[in-house]
Amino acid sequence: MKWLAVGIGAALLFSSTAKGNAQVEDADNTQKQQKTRTIRMWDACDPDSFNAAVGSGTCTAGHHGKTLFQDFIGEMQSDRIAGAWRFNPLLDASQGDFKLVRLELKPGDQTIIQNQGGETHTLTRVNKYGGGFIPVLNALSGNLVPAPECAKTLSDGSLVPQPESDANQFVEAGKTEAGPTAGSAALPQGVSQWQCCIHPWMRLTIVVKGHENEH
């Protein structure tokens, strides 16, 4: 009986150790599979003309381009977007048609938001694409109804920005911030829509795949 007990104890210890090692390996594999993806914000504002027209500090100097304010307004009037104001590439034309770029993530993936432009931008999750909190840019881009996640409409009809949150991040020019984690409350599984609440034509679709459809 003594040797039987010793044998059973050794077997249980080996089984427990093997299970523990397997759990560590699974955790290590999960961490290895998780990635960090960068969401970049772009614009091409010319500091002198933008600051003169809108106000000091609107556009900071950098290597992002020098679109004059009047040319920015002219492009908005003709195209309803200013093409240099975008997330990453704004559109995917690889298949011969134009569609919003989709960022595909897995649960646990981390995001980093990097503003490489000269203006402040937001990365905001919205239920439906709409306008932001700058009325003139809403009108020029044809987004007359503000997304409620971007702007609150006051009794006098004016718009104020919604407070910053994990799903509504304000990133100043030249700054880099940690973004939401895929699979979190801010960036849930499934398809979500994101936009800038200042420049509402800046849009991005993010897809967080579930474990059952990762492959």
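**Notebook: H199 and the two sheets**

I began at H199 and looked up its contacts (heavy atoms within 4.5 Å): leaving out residues up to four places away in sequence, H199 touches W85, E119, T120, H121 and L137. A reminder to myself: this is a predicted model, where local features need pLDDT of at least 70 and side-chain atom pairs count only at pLDDT 80 or more, while totals for chains, interfaces and linings use all residues. Residues are numbered from 1 along each chain as its sequence is written, and side-chain values use heavy atoms, with hydrogens and water left out.

Is H199 buried or exposed? I found a relative accessibility of 2%, so H199 counts as buried. My cut-offs are under 20% relative accessible area for buried, over 50% for exposed, and partly exposed in between, with a 1.4 Å probe and protein chains only. I placed H199 in the loop between β12 (190-195) and β13 (203-208).

Next I followed those two strands into their sheet. I read the order β5-β13-β12-β7-β10, an open sheet of five strands with mixed pairing. Why is one side of β5 (102-105) and of β10 (168-171) left without a neighbour in the sheet? Because both stand at the edges, each with a single partner strand. On average, I see neighbouring strands of this sheet turned by 25 degrees against each other, direction ignored. For such angles, axes are lines fitted to C-alpha atoms, for helices over the stretch in contact, and angles run from 0 to 180 degrees between N-to-C directions.

I then checked one pair: β7 (residues 121-126) and β10 run antiparallel, joined by four bridges. Two strands pair if DSSP finds at least two bridges between them. T124 has N168 in β10 as its bridge partner.

I moved on to the other sheet I had noted, an open one of four strands in the order β2-β1-β6-β11, again with mixed pairing. Its edge strands, β2 and β11 (176-178), each pair on one side only. Between β1 (residues 36-42) and β2 I found two bridges in the antiparallel sense, and W42 stands opposite R86 in β2.

Just before β2, I stopped at R80, in the loop between α3 (69-79) and β2 (86-87). Its phi is near 65 degrees, a positive value in a residue other than glycine.

Last, I took the overall picture. I list four helices and 13 strands, as DSSP runs numbered from the N terminus (helices H or I, at least four residues; strands E, at least two). Of the 215 residues in the protein, 37% are buried.
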